[in-house]
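Take a look at the model below and turn it around a few times. Then we can walk through some of its features together.

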Amino acid sequence: MTDDSPSRPRRRWTHGPRVLLTAVSAVVLTLMIYINIHAMRHNVGSDVSHSNFLRMLERSIDYSSSTGGSGGSAGAAGGGSEGDLDLDSIVDSSIADLVKKSDDDKEQEDLWRVGKLQEMADRINGMGSTLEGRLQLLLDRKQRAEGVSSQNSNNINNNNDNSNNNINNINVKKGMGERERSDTTTTTKMTHEELKSFADKYRRIPQPEKNLTGMNILLLYADDWTHHTLSSFHKTEPLNTVLKTPVLDALASDGMRFTHNCVTTSVCWISRATLYTGQYLSRHNTKEPCCWGGRPKPKKRMDEMPADWKELSVYEILAENGYHVGHAGKWGVYLPFPKNVDFNVEEDGWHYRKLGDKTWHITEKNEADALRFLATRPRDKPFFLNVAFYATHAKDSDKRQYMPQQASMDLYTDVDVPVPPTGTEEAWNKMPYFFDERNEGRTRWHSRFDGNGTKHQVMMKNYYRMATEVDAACGIILEELRRQDALDNTFILFTTDNGNFHSEHGLADKWYPHQESIRVPLIIHDPRMKNEKKGTTNDDFTLNIDLPPTLLGAAGIPAPEKMMGRDMSPLYLEQQQTPLPEWRDEFFYEHPIISRKTYIPASEALVRKDFKYMYWPDWNYEQLFDLVNDPGEMEDIFNSTKPEIVEIKMAMKKRFAELKKLVKSDELVT
């Protein structure tokens, strides 16, 4: 006991606050478990189009017990409508009773306990409000629950050609328009504000003030999207007009799209380790998906995370600064230690799976988990949520490779997906001599694109369907934020872990330093952005090492010095004090050998907008491409004797060595 704590005489009611809090917590926890688990187990697969999770929640409620049946008494408290669950009233009344009893008994100890319980009471109050609003919404929408889902399968087509230029007007699904809210007020012996003021006097530990922006942060993180897997890309650079991503187009029109966003290593687990730490592979050293920092795979569950993860993880930093942190989807780095997140549902490696009585598609599961997080989050603190979609990653072990939802199969049926200009045998023959049939990129090309063109059409249409499904899921998540009046206070970032070959150079998948592999989409919607910046594009080199500093910057948190990237917000926000520092015009790329050099050889590169120097260290092989005159990287000019090319080559080799040394050092990299 510290010197400043009050004396604690033994009284009959000493444990009253603890018992009361435990009872209230049990009620809230029981309701959350009921909604989350029972909704997921209910078989509504035939009724749900594009994973309408809100309707699943409707179906998970037993209406007979909440609207006048045996359980109808739940709505009587506080004068609410029949079927309401007035958790706010329960929590506020109970805590007010606690305060009254402590005042009547004149027990200083109990006053102190009120202060200690206040933070937990606030949290329960926020969850209670969330659940009350959700249940009221479900009851109000009961009559619309029947016969609506059959109309939903046409909604993506309805939105493809007519996406609005403002995300506040996104309406991806029918029946998801503006909801009316009804605020119910309850009479308690002490208001929440009075209770908080009263309890603050008895706090033993002062609460430090945070220099936070208060913005929510939503990361929409897809898998295996190359830079032109966005229909908004084709409005400015029309490679094809087939793909439709209307929600992300609308997000870009209300934010900024970055045209030269790249990854520093193009593979799932390394790119995600970079997302979590803001470091190059050479520093975080996560060469295998099972092991962090190059360590051997642990034989048993670790008691805590490695020190470098704890120091640099965006999740950890945001949690330490008062954020409610959630993850829904693919982690990509498989480590047996507890992750410090308030909400964590990991889904990876599958397209269809039966969970309970329902067969899920992984994209609708990602969407449903994101909606669960938003529905149950406390409203008294900002949140960070990473919706880490597995799509459009292929199911490599299945000959079908890409398996979209059944409701999407009508999309793209009457169109032909163009074969890329470099998706030819000629392009394959121009690859370095060590690219042969043993190369994994070539093996996957045979699985997806080999043949007379029919296989290419089937694969790419299914890939596009899965991309459009992710787009629709993003729309539903944004709609839920709008419904919660949180959209205007939420920083939203859409990107992906790496690019993808779609038969370019006779290859499939990623890994190598070509444009299709390293260049990926990036859209930022920032409430701080001025109107004149919205709907514009930025052509600067942004990298995935910039993502963590940017996410932390949106929260008002300085990035740790060991992070190697930069906050991107100065590229679109007005600078109040100092001019914008000079931005990078080149970067170093690296990828390790996987398995053996004939399978996936190591590769490195110095990337500029006009030229690219590639180095294959396992084979001591060098290449040089003129990206202005040869954007498809077909003609290797490394051996050119033209004086101007020789000069460029020598300068780039020198700079390549400098940046490689810098990346592998402890110096600041920008």
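What follows is a short tour of a sheet, a hairpin, some ring pairs and a few backbone oddities.

This is a predicted model, so to speak of local features we need pLDDT of at least 70, side-chain atom pairs count only at pLDDT 80 or more, and totals for chains, interfaces and linings use all residues. Residues are numbered from 1 along each chain as its sequence is written, and side-chain values use heavy atoms, with hydrogens and water left out.

Let's start with a sheet. Its four strands line up as β13-β14-β15-β16, forming an open sheet with antiparallel pairing. At the edges sit β13 (587–591) and β16 (621–626), each of which pairs on one side only. On average, neighbouring strands here are turned by 15° against each other, direction ignored. A quick word on terms: helices (H or I, at least four residues) and strands (E, at least two) are DSSP runs, numbered from the N terminus, and two strands pair if DSSP finds at least two bridges between them. β13 and β14 (residues 603–607) are joined by five bridges, and one match to look for is glutamate 590 with its bridge partner, glutamate 604 in β14.

Helix α20 (residues 643–663) packs on this sheet, touching β13, β14, β15 (611–616) and β16; contact means heavy atoms within 4.5 Å. The direction of α20 makes about 60° with that of β15. Axes are lines fitted to C-alpha atoms, for helices over the stretch in contact, and angles run from 0 to 180 degrees between N-to-C directions.

For a smaller piece, find the hairpin of β5 and β6, with two residues between the strands. Four bridges join β5 (residues 352–355) to β6 (residues 358–361), and arginine 353 has tryptophan 360 in β6 as its bridge partner. Glycine 356, in this hairpin, takes a positive phi near 65°.

Now for the rings. The structure holds 28 aromatic pairs. Rings of Phe, Tyr and Trp (its six-membered ring) pair if their centres lie within 6.5 Å; planes under 30 degrees apart count as stacked, over 60 as edge-to-face and the rest as tilted. Phenylalanine 541 and phenylalanine 587 are edge-to-face because their planes stand at 75°, with ring centres 5.3 Å apart. This pair links distant parts of the chain, 46 residues apart: phenylalanine 541 is in β12 (residues 536–543) and phenylalanine 587 in β13. Buried means under 20% relative accessible area, exposed over 50%, and partly exposed in between (1.4 Å probe, protein chains only). At 3%, phenylalanine 541 counts as buried, and phenylalanine 587 is buried at 2%.

Tyrosine 615 and phenylalanine 656 also form an edge-to-face pair, 6.2 Å centre to centre with 70° between the planes. This one links β15, home of tyrosine 615, to helix α20, home of phenylalanine 656. Tyrosine 615 is buried at 16%, and phenylalanine 656 is buried at 7%.

Finally, some backbone oddities. Where is there a cis peptide bond? One joins alanine 391 and threonine 392, with omega about 15°; threonine 392 is in the loop between β7 (383–388) and α15 (425–429). Tyrosine 412 is in the loop between β7 and α15 as well. Tyrosine 412 has a positive phi near 65° without being a glycine, and at 9% relative accessibility it counts as buried.
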